[in-house]
Amino acid sequence: MGIRRPAISTAVAAALIGSLGVPIVAGTAAAKDGAKDGGAAAVGTVREDFDGDGYQDVAVTAPGAKVGGHAWAGYITVSYGSAQGIDPARTTVITQDTPGVPGESGDDNAFGYTMVSRDLDGDGLADLAVRARSYRPDDNVNGSVIVLWGRKGGISGQDAVRVPAPANADVGDHLTAGDFDGDGHPDLFMRNGDDYDYHDVLHGPFGRDGVPARSQQLKVYSTDNSINSTAAGDFNGDGIEDLATFYVYENHAEGGKLWLGSKSGLSTAPKALNSASSTAVADFDQDGYADLATRIIPNGDTEGTEKDPGTLKIYYGSPSGPSQTRTQTITQKTAGVPGASEKGDQFGGRLSAGDANGDGYPDLAVGVPGEAIGSKAKAGAVVLLKSGKGGLTGKGAQAFHQDTAGVPGAAESGDVFGGSLRLLDVTGDGKADLTAGAPGENLGTVVNGGAVWLLRGSASGVTAANSTAQNPTDIGAPAPKALFGENLSADNGPGTRIP
């Protein structure tokens with residue numbers, strides 16, 4: 001078995017390689033971040049605060065970076081939150097060559113191209129589970145999930161561990177975090193074996209050797225298709241997180257499955273769901289049920305997604321899970337939503353939930369990575385949809401891009417601003433701030449170096465005032481074709497496809 005790239009359609013490859021359009025399938029592992037950050041509060045849940053100082057932190061991947069002479073080796077960065085935002089001086093760069101990190105940088109490893117954050121060992125500090133595509137010939141294992149432990153001084157490679165996998169396994173596909181048995185310890189769902197039909201649920205707490213408390217096998221495939229995205233959240237309001245998996249076959253959408261959580265783990269008899277591309281989860285109307293926001297796959301054809309204007313569909317939670325009757329559709333034609341619904345906008349290419357204005361209702365950040373800004377094709381934008389008692393609405397929606405007054409930089413063709421995004425309370429004021437990536441950003445003569453921006457939350461929503469940007473050259477990290485900002489922790493989810 002050699003190193004294998006994830007399957008990718010010709011159309012998606014063209015979008016990624018030719019014009020650096022973002023991946024068309026991007027799920028999120030975010031579920032219950034607390035009422036201020038995405039949904040119903042989860043007791044004991046720690047998210048993205050890797051050093052325990054009370055500020056949420058930002059983890060960024062640069063999967064295309066050359067490290068130690070190896071192409072597509074990849075690295076990640078962790079920037080620590082503060083009242084002033086993120087600071088390049090407090091940014092740590094981690095590769096597989098960092099002391100303590102298992103393995104070593106290698107061609108095509110794309111270290112960090114999938115990341116999820118939860119307190120996996122129960123010490124009150126968020127940890128970061130990072131996927132790499134490295135192949136280990138000694139036990140014929142393809143891929144790995146490496147846990148970087150949260151520490152009071154911040155994340156480093158110290159004591160990092162690879163989650164154990166059986167011989168001959170494929171590891172890490174569809175990595176998703178959620179407390180699927182309601183015991184207060186997050187679990188990891190992912191492929192972790194040699195039988196294609198099954199994935200594992202690795203139940204926490206995890207030991208410092210990476211070994212889970214127990215595991216459950218789940219038969220996720222019954223036909224010849226593949227998972228393109230997942231989402232986790234307490235959709236039926238019973239206090240235990242559930243798992244949604246969505247499927248495609250070749251270029252056809254194949255629907256989804258809802259695996260309800262229980263005290264013994266995920267149900268093995270899933271309920272049917274509609275298809276979805278990108279996803280986000282939050283209790284938008286604060287009725288006690290997590291709601292599922294999705295981007296629709298146009299006409300069930302995945303190869304049309306990168307040319308699609310983009311349509312969101314929200315399924316509101318109910319005692320039986322995401323409702324099939326209480327739904328909402330939002331596009332750039334919806335009253336109050338900025339912009340126009342145009343071919344290739346990809347409205348909803350990425351989604352993230354969080355309470356940007358501090359009113360107790362989670363809002364929804366919507367990536368529009370294909371948006372043209374004037375004559376600049378695929379410059380990209382982000383739209384913030386606000387929520388209230390009735391759920392999400394176009395009323396008061398906001399749009400931001402690199403030509404927005406106060407946002408550093410300038411919009412350029414192919415930047416794909418909004419190609420990744422998270423709503424996190426980085427400044428600790430009770431209002432979620434918007435972190436947005438533009439993996440196609442050129443840095444002078446450096447092509448596709450990438451960059452990320454932080455726009456602060458405020459009582460009126462996101463504001464461009466005092467916004468900042470960070471790129472690889474700011475922190476002395478490899479920049480050429482790094483695609484810095486291609487993914488953020490818990491933004492990418494399992495469906496991300498890279499060439």
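## Exercises on a predicted model

Let's start with one pair: Thr294 has Lys313, in strand E20, as its bridge partner. Keep in mind as you work that this is a predicted model.

**Exercise 1. Which strands does the pairing of E19 and E20 belong with, and in what order do they run in the sheet?**

*Solution.*
- Step 1: Look at the two strands themselves. E19 covers residues 291–295 and E20 covers residues 312–315, and they pair in the antiparallel sense over 4 bridges.
- Step 2: Widen the view. The open sheet has 4 strands in the order E18-E19-E20-E21, with antiparallel pairing.
- Step 3: Check the edges. E18 (279–282) and E21 each have a single partner strand, so one side of each is left without a neighbour in the sheet.
- Step 4: Add the twist, which averages 20 degrees from one strand to the next.

**Exercise 2. Is Ile330 buried or exposed, and which residues does Ile330 touch?**

*Solution.*
- Step 1: Find the residue. Ile330 sits in strand E21, which spans residues 327–330.
- Step 2: Read off the accessibility. The relative accessible area of Ile330 is 1%, so this residue is buried.
- Step 3: List the contacts. Leaving out residues up to four places away in sequence, Ile330 touches Thr311, Leu312, Ile314, Val337, Phe347, Leu385 and Leu392.
- Step 4: Take one of those contacts, Thr311. Thr311 and Ile330 are 19 residues apart along the chain, yet 6.1 Å separates their C-alpha atoms.

**Exercise 3. Asp119 is buried and has no salt bridge. What does the side chain of Asp119 reach at 3.3 Å and at 2.9 Å?**

*Solution.*
- Step 1: Locate Asp119 in the loop between strand E4 (114–118) and strand E5 (127–136).
- Step 2: Look for an opposite charge. The nearest such side chain is that of Arg208, 7.7 Å away, while a salt bridge needs a nitrogen-to-oxygen distance within 4 Å.
- Step 3: Turn to the backbone. The Asp119 side chain reaches the nitrogen of Asp123 at 3.3 Å and that of Gly124 at 2.9 Å.

**Exercise 4. How many salt bridges are there, and which parts of the chain do Arg350 and Asp491 link?**

*Solution.*
- Step 1: Start with the count, which comes to 17 salt bridges.
- Step 2: Try Arg151 and Asp159, whose side chains meet in a salt bridge at 3.6 Å, N to O. Arg151 is partly exposed at 23% relative accessibility, and Asp159 is partly exposed too, at 44%.
- Step 3: Move on to Asp173 and Arg191, which form a salt bridge at 4.0 Å, N to O. Asp173 is in the loop between strand E8 (170–171) and strand E9 (176–178), and Arg191 is in the loop between strand E10 (187–190) and strand E11 (192–193), so the pair ties together parts 18 residues apart in sequence. Asp173 is partly exposed at 23%, whereas Arg191 is buried at 9%.
- Step 4: Now take Arg350 and Asp491, with a salt bridge of 2.4 Å, N to O. This pair links distant parts of the chain, 141 residues apart: Arg350 is in the loop between E21 and strand E22 (351–354), and Asp491 is in the segment after strand E30 (487–488). Both Arg350 and Asp491 are buried.
- Step 5: Finish with the network. Salt bridges with shared partners join Arg131, Asp170, Asp173 and Arg191.

Methods. Residues are numbered from 1 along each chain as its sequence is written. This is a predicted model: local features need pLDDT of at least 70, side-chain atom pairs count only at pLDDT 80 or more; totals for chains, interfaces and linings use all residues. Side-chain values use heavy atoms; hydrogens and water are left out. Buried means under 20% relative accessible area, exposed over 50%, partly exposed in between (1.4 Å probe, protein chains only). Contact means heavy atoms within 4.5 Å. Lys and Arg count as positive and Asp and Glu as negative; His and the chain ends are not counted. A polar contact is a pair of N or O atoms within 3.5 Å; within protein, one must be able to donate a hydrogen and the other to accept it, and residues adjacent in sequence count only if both atoms are side-chain atoms. Two strands pair if DSSP finds at least two bridges between them. Axes are lines fitted to C-alpha atoms, for helices over the stretch in contact, and angles run from 0 to 180 degrees between N-to-C directions.
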